[in-house]
Amino acid sequence: MDDLVARHAHEVELYERLGFPDWFTELNIEAQCLTYGPPECEVTVKGSRVLCRSHGLTMEESGAFEWDGVHRPTNFREYRAHVQSLAPMISPRSPLGRALRDFRPTDWRDRSGDWLRLVDWWALSHVTRDKHLEPLLRSALPQVSALLHGGRLTPLRLAAELVAPGFARDTLVAAGHWPPSRLGVTTTRLEAAFPAGYPDRYRVYCRATGEHLGPLYKVRPRLGRDLQEEELFAEEDRRTSWRLGATGYVLTGDGKLWRREKHGWRCFGPAMDALLVRPPKAERRRLG
């Protein structure tokens, strides 16, 4: 990668070697940090040029390199349009070009980070539906979901929009990776379904199991940028649930509390009834 930095190479060369980034973080409309593998493999791109390897580029350092006017994408939908514009520039002789040429359904058995980055580029670069797209996605969605423990599936889900409305959601629910819900998640629905009006220090319990899920501030669903991006999906394509911290419990768009167990999903009913919020034990003792 050092040679790309030294030449301020076009970002296409970065993708040709490494594929789609594991993550991207915007600095501003001009510059962006792309992460490949561990945090030490972070690279900054300004406009369309590879600028440096850095954990954090200052605006002064960024300003030392002339911006070529290319705005950096800020979410996956913008990045999909960006990938689609760059895909024709990928050399067929490059590592990415050769991997895309040899792409087969058996590739899903791979478990490497390189493979996941290849899958993301393959999914985001699709512009139209072809005969191979549906069977590959039907195989990839549950397998990548299992590998990432339900984590980032956005590129595959964007490609699934080309197949049919609700295709990704129906596939993941049928495979048992998402719990069923008649509604997808939104900020408004999650806020309405989760107990409110309690101090952050209060503890949350599951009524049915008696399990202590943790302090309220750790259990409350996170309503940040990831959820805002989720809301860009149409209703039929949106996630059916949102995690409650690291508890193993999820809150569905229709307001129910679920937990994935050994033989499938278990529903505890409406979250407002299924969750118990109480003061910490020391506080309860003082109150008698």
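Visitor: In what order do the strands of the open sheet of 3 strands lie, and how do they pair?

Guide: In this predicted model, the order of that open sheet is β6-β5-β11, and the pairing is antiparallel. The edge strands are β6 (212-215) and β11 (275-278), each of which pairs on one side only. From one strand to the next, the twist averages 25°.

Visitor: How many bridges join β5 and β11, and which residue stands opposite V204?

Guide: β5 and β11 pair in the antiparallel sense over 4 bridges, and within this pairing V204 stands opposite V277 in β11.

Visitor: What is the order of the open sheet that 4 strands form?

Guide: The order there is β7-β8-β9-β10, with antiparallel pairing. The edges are held by β7 (241-243) and β10 (264-270), and because each of them has a single partner strand, one side of each is left without a neighbour in the sheet. Neighbouring strands of this sheet are turned by 30° against each other on average, when direction is ignored. Within the sheet, β8 (residues 249-252) and β9 (residues 256-261) pair in the antiparallel sense over 3 bridges, and V250 stands opposite W258 in β9.

Visitor: What joins β1 to β2, and through how many residues?

Guide: A hairpin makes that connection, through 4 residues. β1 and β2 (residues 31-35) pair in the antiparallel sense over 4 bridges, and the bridge partner of T25 is C33 in β2.

Visitor: Next I would like to read the empty space inside the model. How many cavities of 30 Å³ or more are there?

Guide: The general idea is that rolling a probe the size of a water molecule over the atoms shows where empty space is left. In this structure the count comes to 1 cavity of 30 Å³ or more, and about 50 Å³ of space lies in the largest cavity.

Visitor: Which residues line the largest cavity, and which element gives the most to that lining?

Guide: The lining of the largest cavity is made by W23, F24, F76, R225, D226 and E229. Both β1 (23-26) and α12 (225-230) supply at least two residues each, while α12 gives the most, with 3 residues. Sorted by character, the lining residues divide into 3 nonpolar, no polar and 3 charged.

Visitor: How should I read a salt bridge, and how many does the structure hold?

Guide: Side chains of opposite charge can pair when their charged atoms come close. This structure holds 20 salt bridges. One of them is formed where the side chains of D200 and R220 meet, at 2.9 Å from N to O. D200 lies in the loop between α10 (187-193) and β5 (203-206), and R220 lies in the loop between α11 (216-219) and α12, so the pair ties together parts that are 20 residues apart in sequence. D200 is partly exposed, at 41% relative accessibility, and R220 is also partly exposed, with a relative accessible area of 29%.

Visitor: Is R238 buried or exposed, and what is the N to O distance in the salt bridge between R238 and E235?

Guide: The side chains of R238 and E235 meet in a salt bridge of 3.3 Å, N to O. R238 is buried, because its relative accessible area of 9% falls under the 20% cut-off, whereas E235 counts as partly exposed at 27%. Elsewhere, salt bridges that share partners join D3, R7, E13 and R17 into one network.

Visitor: What is the N to O distance between the side chains of E13 and R7?

Guide: The side chains of E13 and R7 meet in a salt bridge at 2.8 Å, N to O. E13 counts as partly exposed, at 26% relative accessibility, and R7 is partly exposed too, with a relative accessible area of 46%.

Visitor: Finally, what is the phi of H8, and where is H8 found?

Guide: As a general guide, most residues other than glycine have a negative phi. H8 is not a glycine, and yet H8 has a positive phi of about 50°. H8 is found in the loop between α1 (2-7) and α2 (11-18), where H8 is partly exposed, with a relative accessible area of 28%.

How values were computed. Residues are numbered from 1 along each chain as its sequence is written. This is a predicted model: local features need pLDDT of at least 70, side-chain atom pairs count only at pLDDT 80 or more; totals for chains, interfaces and linings use all residues. Side-chain values use heavy atoms; hydrogens and water are left out. On a 1 Å grid over the protein atoms alone, a cavity is a set of points where a 1.4 Å probe fits but cannot get out, and a pocket is an open set with protein on both sides within 12 Å along at least five of seven lines; lining residues have an atom within 4 Å of a point. Grid points are joined across faces, edges and corners, and a volume is the space filled by probe spheres set on the points. Ala, Val, Leu, Ile, Met, Phe, Trp, Tyr, Cys and Pro count as nonpolar, Asp, Glu, Lys and Arg as charged, and the others, Gly among them, as polar. Buried means under 20% relative accessible area, exposed over 50%, partly exposed in between (1.4 Å probe, protein chains only). A salt bridge is a side-chain nitrogen of Lys or Arg within 4 Å of a carboxyl oxygen of Asp or Glu. Two strands pair if DSSP finds at least two bridges between them. Axes are lines fitted to C-alpha atoms, for helices over the stretch in contact, and angles run from 0 to 180 degrees between N-to-C directions.
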